[in-house]
Amino acid sequence: MGNQKPKTIFIDQCQAMKNAIRVVFPDTCHRLCLWHISKNTAENLPRHYGIPEFKSRFNKILYNCETESEFESSWDALLRDYNLVGNKWLNTLYENRERWCSVFSHNIFSARMKASSRSESVNNVFQHMACKTMRLTEFVHEYEKASKDMRVEELEEDFRCKQGTSSQIVKNCGLLEHALSVYTRTFFKRFQLEIASTLGVTHQDVYSDGEFFTYEVIEGGGHRVHVVQFNSSNNVVTCSCKMFETLGLLCRHALRILIVKNVTELPIQYILKRWTKDAKKDSVLCDHVKPASANDELSVTSCRNELMRSVYEIFTKSAATTRHTEMCQRKVREMIELVENDMEQLNAARDGDEKENRIVANNVFDDVEKTDCSLNSLPILDPPCVRLKGVTNARLKSNLEKRKRKPLKDVTRSKQLLTRGLPTSSSHAPKGIDSFLNNFIWRMLEIE
């Protein structure tokens with residue numbers, strides 16, 4: 001991650017991980033997964049959580065509070081209405097409210113995630129390529145295939161973002177055209193939704209001094225009032241919903257004020273690089289993904305695509321004039337000569353190392369041959385496979401197959417013994433000499 005710490009980390013209510021995060025990531029915002037909190041609520045308050053009204057009010061506290069005063073009033077009212085003031089589990093949950101209630105972390109970027117999302121990420125990947133009885137070596141191959149498919153899909157999406165264009169719901173809109181030129185396709189669709197939602201937003205002037213403006217913004221049909229502040233000198237706009245601080249995207253309330261103030265381009269401070277087409281422009285991919293061998297096609301392809309993206313802009317600008325075209329061609333020839341000379345030096349050094357390694361390897365091979373302990377002849381096998389209890393690959397038998405029929409030979413022998421007045425099983429045979437005689441008679445009957 002380029003030696004950058006995570007801004008926010010989501011886990012379940014695990015004390016051991018809480019202690020570790022405090023030591024390893026002291027500056028990272030530690031949040032609790034709301035999905036796990038909802039699950040624990042259903043287990044600790046089953047009678048109350050089964051009430052639709054209680055569940056609706058509790059989920060509002062989890063997801064929809066925007067201010068601390070709104071959270072406090074909603075929490076107190078919920079405990080009072082359902083006689084849960086002294087509940088120990090809720091008291092413990094309230095003590096950790098800064099780790100799960102979003103109103104206490106509105107100023108920290110979290111991409112508006114509220115859960116660890118394992119079902120959409122890790123679990124979703126592994127459940128399609130692994131099973132309980134898969135061997136370790138098979139899992140490694142499947143993992144490599146899945147990783148390659150994901151990287152290829154990312155490269156294809158990068159190409160579509162660079163070459164393709166998305167449709168606009170409104171033509172000749174300066175904010176949309178600017179966003180289309182900088183944002184990726186996926187994020188542009190999200191921005192376009194916010195632009196369309198400004199049609200249902202109304203605003204009212206609260207304060208103005210010619211440079212600094214304050215507005216109260218209300219969405220159609222809603223009762224919640226959002227406060228938007230705008231500075232016309234530097235186009236700085238803030239909203240009480242804190243959508244930009246948590247997601248990196250201007251909300252419909254702020255965009256409404258920008259449209260009213262005739263701002264036709266997104267201010268540069270409100271364009272996060274992580275959501276743009278050039279998010280990986282300054283990153284040197286080959287420094288992080290070095291080919292393990294000459295046959296590592298994926299790493300070579302990634303480096304080549306990164307280099308092509310880097311020089312594409314230069315070639316496009318140089319093609320505008322003859323002077324710049326000749327300058328670019330001259331520099332390219334110099335670069336080719338520089339790369340070829342360096343590759344020759346590397347190949348010469350590599351040949352010398354390989355020659356030295358061959359001499360050392362021959363000496364080692366001679367010594368190994370004498371002792372018959374050549375390590376290269378040892379095969380690489382799977383680790384011992386231990387079958388888990390209860391796991392079987394055998395086909396389940398039907399009830400009809402489980403009913404074992406008695407062999408015909410045993411039935412015939414039993415009828416013959418009954419006609420002679422002898423026991424039909426060795427468990428009923430008398431002990432001592434009588435047992436010996438009975439066994440002798442059974443053998444004779446079998447011969448007959």
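## A walk through the cores, the sheet and the cysteines

Let us begin at Phe-191: setting aside the neighbours within four places in sequence, this residue is in contact with Leu-175, Leu-176, Ala-179, Tyr-183, Leu-249, Leu-255 and Leu-266. Keep in mind as you look around that this is a predicted model.

Phe-191 belongs to the largest nonpolar core, a group of 36 residues. Together with Tyr-183, Val-237, Leu-250 and Leu-266, Phe-191 ranks among the residues with the most contacts inside that core. Several elements supply two or more residues each: the helices α9 (174-182), α10 (185-197), α11 (243-247) and α12 (252-260), along with the strands β4 (212-219), β5 (225-231) and β6 (236-239). The biggest contribution comes from α9, which gives five residues. Another core lies apart from this one; it has 22 residues, including Phe-54, Tyr-82, Leu-93 and Trp-100. As background, nonpolar side chains in soluble globular proteins tend to be buried together.

Now turn to the strands. Four of them make an open sheet, and following the order across it takes you through β3, β4, β5 and β6, with antiparallel pairing. At the edges sit β3 (201-208) and β6, each of which pairs on one side only. On average, neighbouring strands in this sheet are turned by 25° against each other, ignoring direction. The helix α12 packs on the sheet and touches β3, β4, β5 and β6. The direction of α12 makes about 45° with that of β5.

It is worth pausing at one pair of strands. β3 and β4 run antiparallel and are joined by seven bridges. You can find one of the bridge partners by starting at Thr-202 and crossing to Ile-218 in β4. These two strands also form a hairpin, with three residues between them. In the turn you will meet Gly-210, whose phi is positive, at about 95°.

Finally, what about the cysteines? The structure holds zero disulfides. A disulfide is a covalent bond between the sulfur atoms of two cysteines. For Cys-251, the closest cysteine sulfur is that of Cys-241, 3.5 Å away, and because this is too far for a bond, the two are not joined. Here a disulfide would need the sulfur atoms within 2.5 Å. Cys-251 counts as buried because its relative accessible area is 4%, under the 20% cut-off. Cys-29 is buried as well, with a relative accessible area of 12%.

How values were computed. Residues are numbered from 1 along each chain as its sequence is written. This is a predicted model: local features need pLDDT of at least 70, side-chain atom pairs count only at pLDDT 80 or more; totals for chains, interfaces and linings use all residues. Side-chain values use heavy atoms; hydrogens and water are left out. A nonpolar core is a set of buried Ala, Val, Leu, Ile, Met, Phe, Trp, Tyr and Cys residues joined through side-chain atoms within 4.5 Å. Buried means under 20% relative accessible area, exposed over 50%, partly exposed in between (1.4 Å probe, protein chains only). Helices (H or I, at least four residues) and strands (E, at least two) are DSSP runs, numbered from the N terminus. Contact means heavy atoms within 4.5 Å. Two strands pair if DSSP finds at least two bridges between them. Axes are lines fitted to C-alpha atoms, for helices over the stretch in contact, and angles run from 0 to 180 degrees between N-to-C directions.
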